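Colleague: I would like a close look at a single part of this model. Please start from one residue and work outwards.

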Amino acid sequence: MLKAILHGKAGRIEHQNDESVSWSSLFKTREDLLTSTVFERFGYLSESLQDYLLIQFFNNYHGVTPDSFGEFEGITYWPRFNHEHEAGSNQVEPDLIIHFDQCNIIVEVKPPAGSDQYFGQWKKEVESLLQSDNDHEKPLYFLAIGRIGQADAKCWARKLLQEFDELKGLAALEWKDVSTYIMELTHIVNPTLDPFITKKDKRILLDILEGLSLYGLQVSPFKWAQFNDYLLPKLTLDHRLLQSNVINSANIVTASKSMSELLVNTFQPLDLQLIQPYLKNNVKDSE
């Protein structure tokens, strides 16, 4: 389904009073679609990579986090818990719970263009899980992704950690941070990460990035601003500038190619990853 949406083959869907909208437009406003797009694929990653990503997601944490979350057991999507409180009871539905043999992680997702995270929702989700019989004897962690500032996260975490002994750690980050962590893995900006990323892992991560691109997030390590400092000759189809110098061991031959000859040639697409080391070297030289 994701590929069909990305390539404009998913068609349109009736939405809100029979209004017809494209699937890509619908994706941008539906946190459930973002949740499933990312975390369904997270479940297929190798356990070492799952662990690595979660440690990155918990980079700005409050409380404590383990060196490893343990062996991956599965994900429960949109579980419903009965929340008992002074005014009565109601149903609470976290976005998902990631189950490990050593802990559980509640994940609350807000899309980049959606509503903000709020403290009351976090508290109800933690409290309702602990009130349930759903594996609550394990240490519990909370991860909020999207629409949350670090100042609020710090304040709310302090309150929740004081109230619930079972809650060990809490972290919050934006989706742009998630895409950055994944880009580092897919483009191997850090060579030390290369050995434990399989080809299958990389394909899954690229799928996640494609899904995130629907939300206007940066999914490539390259920015046009990187090219602003370089004075490159203007691209032109002036016949005189399309002359090429063919060099062989004997001599240098200047050959003029006509436009018709150029059109029958197949040129390889430009790979920006080949340019990246050049840009980095030039930046170092200029410093």
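Where is the place of R147?

Modeller: This is a predicted model. The place of R147 is in the loop between β9 and α6. The backbone there has a feature to note: phi of R147 is near 60 degrees, a positive value in a residue other than glycine. R147 has a relative accessible area of 31%, so it is partly exposed.

Now look at what touches R147. One such residue is K110. K110 sits in another loop, the one between β8 (104-109) and α5 (119-131). Is K110 buried or exposed? Its relative accessibility is 5%. Buried means under 20%, so K110 counts as buried. Leave out residues up to four places away in sequence, and K110 touches E31, S115, D116, Q117, Q121, I145, G146, R147 and W175. With Q121 there is a polar contact between the two side chains, at 3.3 Å.

Two names in that list lead onward: I145 and W175. Take I145 first. The bridge partner of I145 is L173, in β10. Strand β9 covers residues 140-145 and strand β10 covers residues 167-173. The two run parallel, and 6 bridges join them.

These strands belong to an open sheet of 6 strands. Read across it, and the order is β3-β10-β9-β8-β7-β4, with mixed pairing. β3 (61-63) and β4 (72-77) stand at the edges. Each has a single partner strand, so one side of each lacks a neighbour in the sheet. On average, neighbouring strands are turned by 15 degrees against each other, direction ignored. Helix α6 (residues 150-163) packs on this sheet and touches β3 and β10. The direction of α6 makes about 170 degrees with that of β10. A general point helps when you view the strands: in a regular strand the side chains alternate between the two faces of the sheet.

Now take W175. W175 is one of the buried residues of α7. The others in that group are V178, S179, Y181, I182, M183, L185 and T186. What do they pack against? The partners are α3 (31-42), α4 (47-57), β8, β9, β10 and α8 (199-213). Helix α7 (residues 175-186) can also be checked for length. At 1.5 Å a residue, its 12 residues should span 16 Å. The end C-alpha atoms are 16 Å apart, which agrees.

Y181 brings in the aromatic rings. A pair of rings is described by the distance of the centres and the angle of the planes. The count for the model comes to 11 aromatic pairs. In one of them, the rings of F57 and Y181 have their centres 6.2 Å apart and their planes at 40 degrees, so the pair is tilted. F57 lies in helix α4 and Y181 in helix α7, so the pair ties together parts that are 124 residues apart in sequence. F57 and Y181 are both buried.

Another pair is F58 with F69. The ring centres of F58 and F69 lie 5.4 Å apart and the planes stand at 45 degrees, so this pair is tilted. It links distant parts of the chain, 11 residues apart: F58 is in the loop between α4 and β3, and F69 is in the loop between β3 and β4. Both F58 and F69 are buried. They also join F72, F100 and Y141 in one aromatic cluster.

Finally, compare R147 with W78. W78 is found in the loop between β4 and β5. Phi of W78 is near 45 degrees, again a positive value in a residue other than glycine. At 27% relative accessibility, W78 counts as partly exposed. Past that loop comes β5. A hairpin joins β5 to β6 through 2 residues. Strand β5 (residues 81-85) and strand β6 (residues 88-92) run antiparallel, joined by 5 bridges. F81 stands opposite V92 in β6.

To retrace the path: R147 is in a loop and partly exposed. K110, which touches it, is buried. From K110, contacts reach I145 and W175. I145 leads to L173 in β10, and W175 leads to the buried residues of α7.

Notes:
Residues numbered from 1 in each chain as written. Predicted model: local features only at pLDDT ≥ 70, side-chain atom pairs only at ≥ 80, totals over all residues. Heavy atoms only, no water. Pairing = 2+ DSSP bridges. Helix = DSSP H or I, 4+ residues; strand = E, 2+ residues; numbered from the N terminus. Axes fitted to C-alpha atoms, helices over the stretch in contact; angles between N-to-C directions. Contact = heavy atoms within 4.5 Å. Buried < 20%, exposed > 50% of the residue type's maximum accessible area, 1.4 Å probe, protein only. Polar contact = N/O pair within 3.5 Å; in protein donor to acceptor, adjacent residues only side chain to side chain. Expected span 1.5 Å × (residues − 1). Phe/Tyr/Trp six-rings, centres within 6.5 Å; stacked < 30°, edge-to-face > 60°.
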